[in-house]
Every structure is written in structure tokens, then in C-alpha cells.
Amino acid sequence: MNPIDDIAGFIRKNQRFALASHLHPDGDSIGCLLAMTLGLQALGKEADALGVDPVPFAYRGLPGVPLIHPPGKSSRPYDALILLECSRPERAGLEGLSPCPHIVIDHHLSCRPEGRINWIEPSFGATGQMVLRLLEALEVPICADIATNLYAALLTDTGSFQFNNTNARELHDAARLVDYGANPGEIAEMVFHANPPSKVLLMGKVLSTLQLEAQGRMAWVVMNRQAMESAGALPEDTEGIIQHLMSIHSVELAAFFKEDGDPSRFRVSLRSKGLLDVSSIAQGFSGGGHRNAAGFTIHQRLEAGIPEVLEALRRFLSGSA
Ligand code: AMP
Ligand code: MN
């Protein structure tokens, strides 16, 4: 049986679901989590949208956000945990949830699915497109609220339909979501034009650390905690900054080193152009992602850990010259 029918069959036969997406949620994670929760509720199912990290400011206006809550002690076991945009409960910060079957719905190339049912399709621009197909298979009426969440997922994960994961199917799905009631202008306004001033201040501080090397093929920036604190910014305010590095014509590979809380570790975001596959570098550091966007965490202090990553990036780039 193909996984979408398998998942639809499982959902029809069961009643009580927990849903979660990855830590540091982005638009696709929040959009999928809400659309799937609203869809299951429309079918008369119990659906608990679990979120360990707070919903980033840009997505707080999406319909259904108040449904997301931190995991607590559940009185009764769930029939299944539906993992969206990730493949393991640890990526969602859900180590302690009582055991139940896992259903994985994800479009990450590098994921290591361990679910009862795994539906992984890296060819989709956004996991939201997979949720759309699943809800249609379940004959859920796609209302404007569901369409809005799925459109936001698709809009953000395709970089406003600019990344090379944007194909005819992505544009076609966007049009279908508009037909279902999503309003592109309003959603773009909410997601991209509602930054707190701290985000723009932080962007200035981070971009001023810009380093270029390898004849301009590689660019990197660093954010330490002091930069975040002096801008009054939150970890979520780093989203989008790395795109400015990619806007430089010569840059093929960009890295962003972020110390966003605990000083004993930092996160690394990678971006690339064309066929350069940064997910392979991320996997080498126990992370993951897509060919042109990937990330991982280094469990060292920022200054101590950066050189090793830069060395790996330089080796990777010289191997692909
Ligand atoms: P980011 O740079 O945080 O926007 O992440 C870029 C891409 O890499 C996204 O698709 C993430 O889901 C993925 N990614 C980031 N960090 C990790 C990680 N630690 N493990 C697996 N995937 C990751
Ligand atoms: Mn995604």
C-alpha cells in the first residue's frame, strides 16, 4: 500500500492523535501542524498540537495558533504521534512522551524515519503539500483556515517561490490553496512585513560580521549572545538573515553560526546554490536538511567550534571547484 493510503486508513480507524513538528519551528512546521490539527478536528478526531518552542512572531496570526501547547502529562495514551517536517520525536523535543506508534510525514532528504508508517517525499517544496494531499484523501473539507496554514507553509519553504524547489506542482498547489480560500497578499504581509524592530537591528549586527573567502565563493557570519541581547532579539529573529549572504553574486556557499542561548553549544545554518549539496555536510555533523538548506548543532563554545566547521566547508568547496 502506498504510505498516503496507509496513513489515511490508520487515521480513519483511530481517534486520539498527538501532532508535532521540529524544534525552532519555521513556517512549514507551524503551517502543517495547524492544518493537520484543524483537519483531524474536522473529522471529529481528538488532535493535540504539541509545541515545545514558542510559535515565532511571524506565524502568530495563523489560524489555530492557540491550539498549540507544550506537551504535558497526558491522561490517556495516544493512538499515534504524527511527526510533521521531522522524522524522530527528539527533533520535536518530545523525548518523554509515552510510547505509541509514530507516523512520519516529511520532505527532508536526510531524515532517518523510524515510524510505523513513513511518508517521505523530498521532491515536495513543502511538507504542507503532503498534508494537503492527505487531507484531500481523507475527504476533509479544505476551509480557508486550513488553506491559509498550508499556503504559509508553501510560501515560506519555497522562499516565496524563489528557491529551486519551486516547480509547476508547487505553483499549482499554491493556486489550489488560493481557490480554497487562502489570501496571498494578507499572508505575505503577516509573514514578511510584521518584523519587530529588534529583528532588523539584529540583522545589521550580524551582517557586519560578514567574511568572504575562496574568491568570494564562500560567505559566513556569526551571532553571539551579546549581539542578540543588545538588539533585544529572540533566537527566531535570525530567520532570513542568511539569505542576504546568498544574494551576493559570487557566493555559492553560506554559513551562519548562531549562539542563541546555552553558551556550551551553537547552531549552524548552511545554504548553497545549484548542485552543491550542503545536507551532506550537515549529516557529517549529525544534522540534516535539504540540498540547498541544511543545519546542525555543535556542542562546543562558539569560538572553539567554528574553525572545525570552516575547515570542513573549505574542504567541501575545494572538492567541488
Ligand atoms: P535552518 O538553517 O535552521 O533554517 O535549517 C535549514 C534546513 O535544515 C531545514 O530544512 C531544517 O529542517 C534542517 N535542519 C536544521 N537543523 C537540523 C538538525 N539539527 N537536524 C536535521 N535537520 C536540520
Ligand atoms: Mn519544510
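This report walks through the sheet, the metal site and the hollow spaces of one model.

The model is predicted, so local features need pLDDT of at least 70 and side-chain atom pairs count only at pLDDT 80 or more, while totals for chains, interfaces and linings use all residues. Residues are numbered from 1 along each chain as its sequence is written, chains are lettered from A and ligands numbered from 1 in the order in which they are written, and side-chain values use heavy atoms, with hydrogens and water left out.

Let's start with the sheet. It's an open one, with 5 strands in the order 2-1-3-4-5 and parallel pairing. Strand 2 (46-50) and strand 5 (117-120) sit at the edges with a single partner strand each, so one side of each has no neighbour in the sheet. From one strand to the next, the twist averages 15°. Strands here are DSSP runs of E, at least two residues, and helices are runs of H or I, at least four, both numbered from the N terminus; two strands pair if DSSP finds at least two bridges between them.

Strand 3 (residues 80-84) and strand 4 (residues 102-106) pair over 4 bridges, in the parallel sense. In that pairing, L81 has H102 of strand 4 as its bridge partner. Helix 1 (residues 3-13) packs on the sheet, touching strand 1 (16-20), strand 3, strand 4 and strand 5, and its direction makes about 135° with that of strand 5. Contact means heavy atoms within 4.5 Å; axes are lines fitted to C-alpha atoms (for helices, over the stretch in contact), with angles running from 0 to 180 degrees between N-to-C directions.

Now the metal. The manganese ion (ligand 2) has D28 (OD), E85 (OE), H107 (NE2) and D157 (OD) as its protein donors, 1.9 to 2.3 Å away. Donors are N, O and S atoms within 2.8 Å of the metal (3.2 Å for Na, K and Ca), and water is not among the atoms, so sites may look incomplete. Along the chain, the donors follow the spacing D-x56-E-x21-H-x49-D. H107 lies in the loop between strand 4 and strand 5 and D157 in helix 4 (residues 144-157), 50 residues apart, so distant parts of the chain are linked.Last, the hollow spaces.

| Space | Volume |
|---|---|
| Second largest pocket | about 180 Å³ |
| Largest cavity | about 100 Å³ |

On a 1 Å grid over the protein atoms alone, a cavity is a set of points where a 1.4 Å probe fits but cannot get out, and a pocket is an open set with protein on both sides within 12 Å along at least five of seven lines. Points join across faces, edges and corners, and volume is the space filled by probe spheres set on them.

Key. 1 Å grid on protein atoms, 1.4 Å probe; cavity = no way out; pocket = protein on both sides within 12 Å on 5 of 7 lines; lining within 4 Å.
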